[in-house]
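Reader: I've got a model on my screen and some questions about it. Can you walk me through it?

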Amino acid sequence: MKKLINLFLGSTLLLSTLANAHDYQGGNLHIDHPWSKQVPPTSKVAAAFFDIQNHGHEADTLIKAESPIAGKTELHAHIHEDGMMKMREVESIDVPAQGTRTLKPGSYHIMFFELKQVPALGDRFPLTLYFAKAGKVDVEVAVEEATFQPKQQNNKHAMDHSGH
Ligand SMILES: [Cu+2]
């Protein structure tokens, strides 16, 4: 199901600290520091972010993600549409050969819906990634504090990713 979800525009861009780095290997892929921004205990959604480094000579593709914490896990992107930033589900996320794909707030991310368990600060929860070539890679997502960081783009408004 394709979804378009309008995001609230706020005055801050919330990003996580990168305090406790951890990383995973799957085939030619290196998954660096999967993290999720802390959400309120009543939240129905959460999101995860990480870098995928591809040391191989062929491009790979992230095609699916699953987590026991969520009834539904989707691959998402942010797009500009009608002057607004929206996020929507995408079929896949490509990882260039000998390159890096960064999943981060305001860009590609993993989105969890119908949370069965709201991840708390300091928790780690399992996430399984499925790549076209590298296959299945199990990682753990670290839940981190949402901290203020000055906006990086010259937009009038930066996005508020709280609850996301
Ligand atoms: Cu999303």
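Author: Sure, and let's begin with T73, which sits in strand 8, residues 70-81; strands here are DSSP runs (E, at least two residues), numbered from the N terminus. Bear in mind that this is a predicted model, where local features need pLDDT of at least 70, side-chain atom pairs count only at pLDDT 80 or more, and totals for chains, interfaces and linings use all residues. Residues are numbered from 1 along each chain as its sequence is written, and side-chain values use heavy atoms, leaving out hydrogens and water.

Reader: Is T73 buried or exposed?

Author: Buried means under 20% relative accessible area, exposed over 50%, and partly exposed in between (1.4 Å probe, protein chains only). T73 comes in at 18% relative accessibility, so it counts as buried.

Reader: Which copper donor does T73 touch?

Author: Donors are N, O and S atoms within 2.8 Å of the metal (3.2 Å for Na, K and Ca), and with water not among the atoms, sites may look incomplete. The protein donors of the copper ion are H76 (ND1), M87 (SD), H109 (NE2) and M111 (SD), at 2.0 to 2.4 Å. Contact means heavy atoms within 4.5 Å; leaving aside residues up to four places away in sequence, the residues T73 touches include I110, F112 and the donor M111.

Reader: What arrangement do the 4 donor atoms make around the copper ion?

Author: Four donors count as tetrahedral if all angles lie between 85 and 135 degrees. Here the angles are 104 to 114°, so the arrangement is tetrahedral.

Reader: How many strands are in the protein chain?

Author: The chain has 0 helices, and its strands number 16.

Conventions: Tetrahedral: all angles 85-135°; square planar, octahedral: opposite > 155°, others 65-115°. Helix = DSSP H or I, 4+ residues; strand = E, 2+ residues; numbered from the N terminus.
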